[in-house]
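Open the model in a viewer and keep a selection panel ready. The tour below goes from one charged side chain to the next and says what to look for at each stop.

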2 protein chains.
Amino acid sequence: MILEELNNISNLITEIIRSDDFPEKIEPLQLREAVLSYPLRAGKRLRPALVVWSCGLLDGDIKQAEYAAAAVEVYHNWTLVHDDIIDQDDVRRGKPATHTELKNFAKKNYSSQNAEKFGTDFGILAGDLQHAWAMNLLLKSIHKGVPSGIVANLARDLCEKLSRELISGEALDVEFSYKDIKDVSPEEVEKMMYLKTGALLNFSVTTGAKIALNTDNSKDKRIQKLVEFATAVGIAFQLRDDWLGIFGDAEAFGKPLGTDICSAKPTLLLQTSLKYLKGDDKAKLLNFLGASRISKKELEIIRSLMRKSGAEKEILDKTHYLQHQAEKSLSVFPDNEYRKLLLDLNNYLLTRNK
Amino acid sequence: MILEELNNISNLITEIIRSDDFPEKIEPLQLREAVLSYPLRAGKRLRPALVVWSCGLLDGDIKQAEYAAAAVEVYHNWTLVHDDIIDQDDVRRGKPATHTELKNFAKKNYSSQNAEKFGTDFGILAGDLQHAWAMNLLLKSIHKGVPSGIVANLARDLCEKLSRELISGEALDVEFSYKDIKDVSPEEVEKMMYLKTGALLNFSVTTGAKIALNTDNSKDKRIQKLVEFATAVGIAFQLRDDWLGIFGDAEAFGKPLGTDICSAKPTLLLQTSLKYLKGDDKAKLLNFLGASRISKKELEIIRSLMRKSGAEKEILDKTHYLQHQAEKSLSVFPDNEYRKLLLDLNNYLLTRNK
């Protein structure tokens, strides 16, 4: 049911992205294709769903929120394109990352070193264009009947809150990757998670709500409640992801388990485990970090260390607590179909196995 | 006189940039400093001058155009930050490029390979933040009394025209750098120059004019005339720059001459020379491309080849023609102090030796 509803949102967004005229005049062709690549690879489309359903929750005309919904999706994509360059990730949603696609294209004509550089250069520019495109889609909300004063206010939110927070979060993440993992505290990880993931979810619900309420007042109590919801969902979503990466079912998850250990990624699960473990146990866990691969047997050792430390339970408890908090935040709203969708979404995100 | 006026604009822009609250909440500190670095290195501040003076030309309240003027300067800076990463340029306005500053900072704590990567990663993010900051400054024009409908329209111009054209221009430039220089035509170079430089000058005059006229109509005849002016000035400016890089006075120019030859940059001067030269002469010029340095004697050979081909004269003629066209575009406007400033600016840019 919720998957079907997400699928409807996904089709709507794909249609807007495919028919929008922004990419048409981008040159050269290879750059244009790079700009369209991630936006047309449908992911969960979670963010556009938050825009549309928040608008519906507050009795808004959800048609008015459609461009804004496409905007948050394209916005999400530019951050992924630059992230993938920075993290040197070569795969995104089961296909080559944008810079890798560009590199593969360039290999036909250039030396492999030049192709690598070309991929990164065009990848940076493709993300820059998506950044502008996202803003452009948001501004087109005027054509859907959203007053220009509200649209200008949403555009300011996008720059002042979303971009500043999200990019700061990405920078903290980069910084952590250069630090010794023992020097990053769980509190720092949680803050980074909020900035990197939560800021865009908050922007999504705020945007839907402002369009519905025809207000630019971010302090409106209903908007505050929706922000509480999105913040809780965002962190819980991330915690679930980190947990699945270690304790999940490899087949259902669709990705190898333990990769966060291989890349020594400071997740809250790992940082909490390291905080509680002492002596030999701590040394054992630290010893796995940066391994080129994790065997099934090693994964079992990691799991038992994380269990023994109490970190797994703490993370699961925290996830449930946040899920409950998210639910509670929505209790102040009238019981309509969109509230039901948001509650189902919360439930789905935190029980999913992939 | 014109330098003094540009200096006044520069001080105004520096003041706005320094007191704006956008950078305050950027984390970590090193990223915040990187975001402020280029904007506080005052260059010519040519673009903000075009915004303010175009507004004044049309009897607008130039105070209303101040945030927009700061916006085009910050916008220019994010493109430089990403360009410098792409072109691997380590110097900007006599100081280290942003990614180099960041690398130097990181060297204190990281290995040199990690410091290099850190510099690029944070450099990408610093440019992304400046991109958002520029848009944010433009949107703040509402506080200066510009109606929200006009501001939303200017923001759309920034995304739809400026960003799309300018980033396409940068991509074409990147593409040329991988091509054999013989496969790039003078027409392609001219188009790239228009996109990469002209688009921002056009946006600058259009923005000043729209604020003055309180219109969102880009087809207004006065705006069209100002766009003609900016397009001519932009290409002439670039031609002057390319000419100075070969035929200038090294001391006045402040940079070594012939570097465009070393980097085999397809300038219109070079492409036109190659178009006209035949046989041995052409081979001789091609032979210098990519040299690690150009001696005084070699520079004289290059100069004489470019002269002999007729390319130098063609470029100088073209520059004068464009300068004259720019002047003519302004003849339809009433003779006020801002028209004088724009004419002086045109004259200054095309007679400068640095």
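**Charged side chains, stop by stop**

Select B:Lys196 to begin: with a relative accessible area of 22%, B:Lys196 is partly exposed. The model is a predicted one. Now add B:Glu170, which is buried at 3% relative accessibility. The two form a salt bridge, and the closest N and O atoms are 3.1 Å apart. B:Lys196 sits in helix α8 (residues 186-213) of chain B and B:Glu170 in helix α7 of chain B, so the salt bridge ties together parts that are 26 residues apart in sequence.

Switch to chain A and select A:Asp83, A:Glu170, A:Asp173 and A:Lys196 together. Salt bridges with shared partners join these four residues into one network.

Stay in chain A and select A:Glu190 and A:Lys318. Their side chains meet in a salt bridge, with an N to O distance of 3.0 Å. This pair links distant parts of the chain: A:Glu190 is in helix α8 (residues 186-213) of chain A, while A:Lys318 is in helix α15 (residues 311-329) of chain A, 128 residues apart. Are the two partners buried or partly exposed? A:Glu190 counts as partly exposed at 25% relative accessibility, and A:Lys318 is partly exposed with a relative accessible area of 25%.

Return to chain B and select B:Glu66 and B:Lys144. They form a salt bridge in which the closest N and O atoms are 3.3 Å apart. This pair, too, links distant parts of its chain: B:Glu66 belongs to helix α4 (residues 66-86) of chain B, and B:Lys144 to the loop between α6 (112-139) and α7 (148-178) of chain B, 78 residues apart. Colour the pair by accessibility. B:Glu66 is buried, because its relative accessible area of 9% is under 20%. B:Lys144, with a relative accessible area of 29%, is partly exposed.

The last selection is A:Arg164, in helix α7 (residues 148-178) of chain A. Which side chain of opposite charge is nearest to A:Arg164? The nearest one is B:Asp21, 5.2 Å away; A:Arg164 is buried yet has no salt bridge. Show the surroundings next. Apart from neighbours within four places in sequence, A:Arg164 is in contact with A:Cys159, and in chain B with B:Asp21, B:Phe22, B:Lys25, B:Ile26 and B:Leu129.

To go on from here, display the salt bridges over all chains: the structure holds 52.

Key:
Residues are numbered from 1 along each chain as its sequence is written. Chains are lettered from A and ligands numbered from 1 in the order in which they are written. This is a predicted model: local features need pLDDT of at least 70, side-chain atom pairs count only at pLDDT 80 or more; totals for chains, interfaces and linings use all residues. Side-chain values use heavy atoms; hydrogens and water are left out. Helices (H or I, at least four residues) and strands (E, at least two) are DSSP runs, numbered from the N terminus. Buried means under 20% relative accessible area, exposed over 50%, partly exposed in between (1.4 Å probe, protein chains only). Lys and Arg count as positive and Asp and Glu as negative; His and the chain ends are not counted. Contact means heavy atoms within 4.5 Å.
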